[in-house]
Amino acid sequence: MKRFIFTNLWIFLICFMGQFSFAQNNIVWKKLSRSEDTRPAFKQAQAPFYHGVASGDPTQNSVIIWTRVTPELNEESIDVKWYIATDTSFLNMVASGTFTTDASRDYTVKVDVSGLEPQNTYFYVFLANGKYSPVGRTRTAATDSEHLRFGIVSCANYQHGYFNSYKRLAERNDLDAIIHLGDYIYEYEEFADATRPDLLPQNEIIALGDYRMRHSYYKLDPDLQALHQMYPFITIWDDHETANDSYKDGAENHDPATEGDWETRKNNGKTAYFEWMPIRDNADKRIYRTISYGNLAELIMLDTRLEGREKQIESIDEPAYTDPNRTIMGDEQDAWFREQITNSSAQWKLIGNQVIFSPLNLAQLIPVNAGALTILADIWEGYPAERNNLIQFIKNNDIANVVFLTGDIHATFAFDIYDTDSTATAYNPETGEGSVAVEMVTPSISSDNFDEYLGASNASILQGVLEFYNNNIKKINFVEHGYYVLDITPEKVQGDWYFDSNRLIHNDIENYVGSVYANNNAPHLIESESEASGKPVGEIPPPTNDPTIIEVGLEANEVLPQNMLLLNAYPNPTANQTLTLNIALDRPQTLQLQLIDMQGKVLLQQKNQNLSSGIFGIRLNVNSFPAGNYIINLRNNFAQEINIPVQIVK
Ligand SMILES: [Fe+2]
């Protein structure tokens, strides 16, 4: 999805210094969270599991459970115990074990718990350094089901607004899993006009340490934590988990001249993703996979970004546009996908996919609206041969009940998918004749929509023009943020849309705004104004036995085992001229910082920094110091001391 607004960190820093920063010598201090905005917060009561818990990739007898331990200083490896039970009190324990984590995986913990029962709810918890994590709830996949229900989400730009919709989904009790279609994080630097400021890291993320820290920052969001705590996630990345409009060999927002080798950056993004997301590991860091929910549904998750996508076109006059061999998935994945939908014995084939798949007439708009090319180039419409071949494959093989689930575009759409070949049965929008599959596109959780970067009237015009030229559009909304719930029964598959009342403030008001559904063996969408009928959920309690997990709005400093916590020191070793420290303070305090060489000589010193509570970034310019080993000593007025070994390389 196209990038929108960005700003230069250093300009921001300079402008900001007067209020929150203290420039002296070679050290810049900047407050990264404000007292009036404690979100996201390092909740001390949750230590050392500040990033919460998560689960994902359920099978019928296993599930991934995940957490992250923030290490104590100089703690090299940590043994983390895990427990999983069928009840919230852990009286009916079904499995337990120990996982050892360390810096090589950024202190993340991921366990593939096996031996579980299908379609069953489980509770899990971690223990490290004598402290328990929040309790998570998860659910295995079904073998034999009459009713499944998923929350479908994508595109949560932290800087653009609050994750209210994540919290609304967490409050439901009727879902089997959350399907996240990508843009879970965004790679951009801090925006000057961010709705939620104080991003970490402040720079655009490129190095592995950057990607890790961005994942860390997002997972401190209490609404995202709450959703992970309640449901397993089934995730795929889109472009922003690496860089905007990425493809196999590059990205729109990647300049090799200034940002280095793309393969390195792409691998950094993938590595951090597999560390920080509850996705099942594999040696190739591939995300395309199937997840079976038995007779009723199979999820086929695609990677249309990094696996095999060729570069986006820059003009529809390029020969590449009509090249019959051009690919968005890569030949290997394309062949795998055809095999999966052919051989699936499930009634509903649900395709988890990043970008719009359906035929969307955009080419004729390009002469009057350059933005149409930007949209076209990045979706399946920009790879028409492969897309049209797949539509014909579905049609010619009589593959029934194919439903594409899509994100990326920051808008609501629902489409009938018809064969674009001129010799095919003409598509009839009234009866649905000629449609071979359907697609439901989820809006963004918080990322800017068309109206927010084109202006309301331009977005309205674009929406109207698209509707005029595309009679297969069954639902469209360019303005609202939120999600849809996918309800699946043997009779039909239905999407119910819910919109957040205002992403710009933290709120708990959402509105149901309508539905579409397709009946069994009738692959076209019908509008509805009523939600799918209730799904029996039985007795599925939330994991409420631990008070730390209930009130995400709790103040961070209610429990005070620690006054000053080092979150990160990077890059370390550093060949850069700037070394960044991030620290969390749970109460106002006075800090002193010293840079000391191995002979004990103080090379740099700053005293009497009076800081409020919150998260701070400290930037040290170390350019003038020779290569070697040093200690950064941080001391506060509570006699707490942190010594951070750092290495400067030249
Ligand atoms: Fe997005």
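Strand S8 and strand S10, which spans residues 136-139, pair in the antiparallel sense through 4 bridges. Within this pairing, Phe123 is found opposite Arg137 of S10. The model in which these strands appear is a predicted one.

S8 also has other partners. Strand S5, comprising residues 77-85, runs antiparallel to S8 and is joined to it by 5 bridges. Here the reader may locate Trp82, which stands opposite Phe126 in S8. A further antiparallel pairing, over 2 bridges, links S8 to strand S9, formed by residues 131-132. In that pairing, Lys131 of S9 is the bridge partner of Ala128. S8 and S9 together make a hairpin, with 2 residues lying between the two strands. One residue of the turn, Asn129, has a positive phi of about 50°.

The surroundings of S8 may be considered next. The strand is mostly covered, with 6 of its 8 residues buried.

From the strand, the reader may turn to the nonpolar interior. The largest nonpolar core contains 162 residues, and those with the most contacts inside it are Ile178, Val403 and Leu405. The largest share of this core is contributed by S8, residues 121-128, which supplies 6 residues.

Val403 offers a closer view of the contacts. When its neighbours within four places in sequence are set aside, Val403 is in contact with Trp348, Lys349, Leu350 and Ile351, and also with Ala437, Val438, Met440 and Val493.

Definitions and conventions. Residues are numbered from 1 along each chain as its sequence is written. This is a predicted model: local features need pLDDT of at least 70, side-chain atom pairs count only at pLDDT 80 or more; totals for chains, interfaces and linings use all residues. A nonpolar core is a set of buried Ala, Val, Leu, Ile, Met, Phe, Trp, Tyr and Cys residues joined through C-beta atoms within 7 Å. A residue is buried if 20 or more other C-beta atoms lie within 10 Å of its own, exposed if 12 or fewer, and partly exposed in between; C-beta atoms are placed from the backbone. Two residues are in contact if their C-beta atoms, placed from the backbone, lie within 7 Å. Two strands pair if DSSP finds at least two bridges between them.
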